[in-house]
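Trainee: Please take me closely through one part of this structure, the loop and its surroundings, at whatever pace you like. I would enjoy one connected account.

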Amino acid sequence: MTAQAPPEQKHCVSRKKDSRESSFDMFNRLRQAFEQRREARALQRRAIPDAIWQLTLRRFPFLRFRPDADLIALRRMCSLFLDSKEFHGVDGFELRNDIVVAVAAQACLPVLKLGLSPSYDSFVGIVMHANTVVAPREIVDAFGVVHTYEETLAGEAVGGGPVMLSWSDIYDVEGVGGPAYNVVIHEFAHVLDMRDGEADGVPMLPGLQAQQHWLAILEPEFERFCRLVDKGMETAIDPYGCVGPEEFFAVASEAFFVTPWALKEQQPAMYRLLASYYLQDPGEQVHRA
């Protein structure tokens, strides 16, 4: 009698694999359901009243002229932002609802397509002052001598720490003219820049090739910008950007969101670089007033 070969066991292996895959899928579904419930509760807790939302859009026209779909997504993200961050008023500064929503809307705009997480996971606190802050500073020169001085700040982002903002510099800037100015976008651009541990004008990018591409555009655009400032020419970007690449990235981000057409016309390569990072094209999407 001819011996029969034992039955193949591959179907058993496949069933075990399917079982593992089913468990993984089930875990993902449970996690997604949990996140959806968590977000639904946050959206309910931090629902933004229509009157305050409309006030925010009137105060900051560059928000008002975004497409309707962007505004819906932005309002939703603001509620989640407010639920995950802690605001602190200094020296009795009253944190009214319109103030925290104004900050949230401008802070969320840069990460509208990137997502709150992990973009803003590195900090929780937002410290609000009524006006600019005079901060003591010190530097050590090449000979080891310590020099102290005072610096007036409209805002400051500290790696892993809180973001400090001056309400007067957020609110009292309408119609000032000149280059784009937005202290909230500026400081939160620094937060994004420091995600990789350094404030160097290079935000966290997917790999070495992306970093090299970024620098190949950022560095000549920075040098070109500084030449324009040295010649006394009007620029779409605040001249403060000449301080260094880290400040150039922050003030260029201000122009990208507040006056995108001006930036696109004067420094199109920088505009395209920021559009590729933020995954937004406000120069095309935003409806002109």
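Mentor: Happy to. Helices (H or I, at least four residues) and strands (E, at least two) are DSSP runs, numbered from the N terminus. This is a predicted model, in which local features need pLDDT of at least 70 and side-chain atom pairs count only at pLDDT 80 or more, while totals for chains, interfaces and linings use all residues. Residues are numbered from 1 along each chain as its sequence is written, and side-chain values use heavy atoms, with hydrogens and water left out.

Let's begin in the loop between strand S1 (86-89) and H5, where Asp91 lies. Its phi is near 55 degrees, a positive value in a residue other than glycine. Asp91 counts as exposed because its relative accessibility is 78%; exposed means over 50% relative accessible area, buried under 20% and partly exposed in between, with a 1.4 Å probe and protein chains only.

After the loop, follow helix H5 (residues 97-108) to its packing with helix H8 (residues 183-193): the angle is about 50 degrees and the axes are 8 Å apart. Those axes are lines fitted to C-alpha atoms, for helices over the stretch in contact, and angles run from 0 to 180 degrees between N-to-C directions. That angle is why H5 is oblique to H8: under 35 degrees counts as roughly parallel, over 145 as roughly antiparallel, 65 to 115 as roughly perpendicular, and the rest as oblique. Val103, Gln106 and Ala107 of H5 meet Val184, Ile185 and Phe188 of H8, contact meaning heavy atoms within 4.5 Å.

From this helix pair, step to Leu165. Setting aside neighbours within four places in sequence, Leu165 has contacts that include Val103, Val184 and Phe188, and also Ile126, Val127 and Met128. The largest nonpolar core has 74 residues, and Phe81, Met128, Leu165 and Phe188 touch the most other members. Such a core is a set of buried Ala, Val, Leu, Ile, Met, Phe, Trp, Tyr and Cys residues joined through side-chain atoms within 4.5 Å.

Finally, look at strand S2 (residues 125-129), which holds Gly125. Gly125 counts as buried because its relative accessibility is 15%. Apart from residues up to four places away in sequence, Gly125 touches Glu86, Pro162 and Val163. Its C-alpha is 6.0 Å from that of Lys85, though the two are 40 residues apart in sequence.
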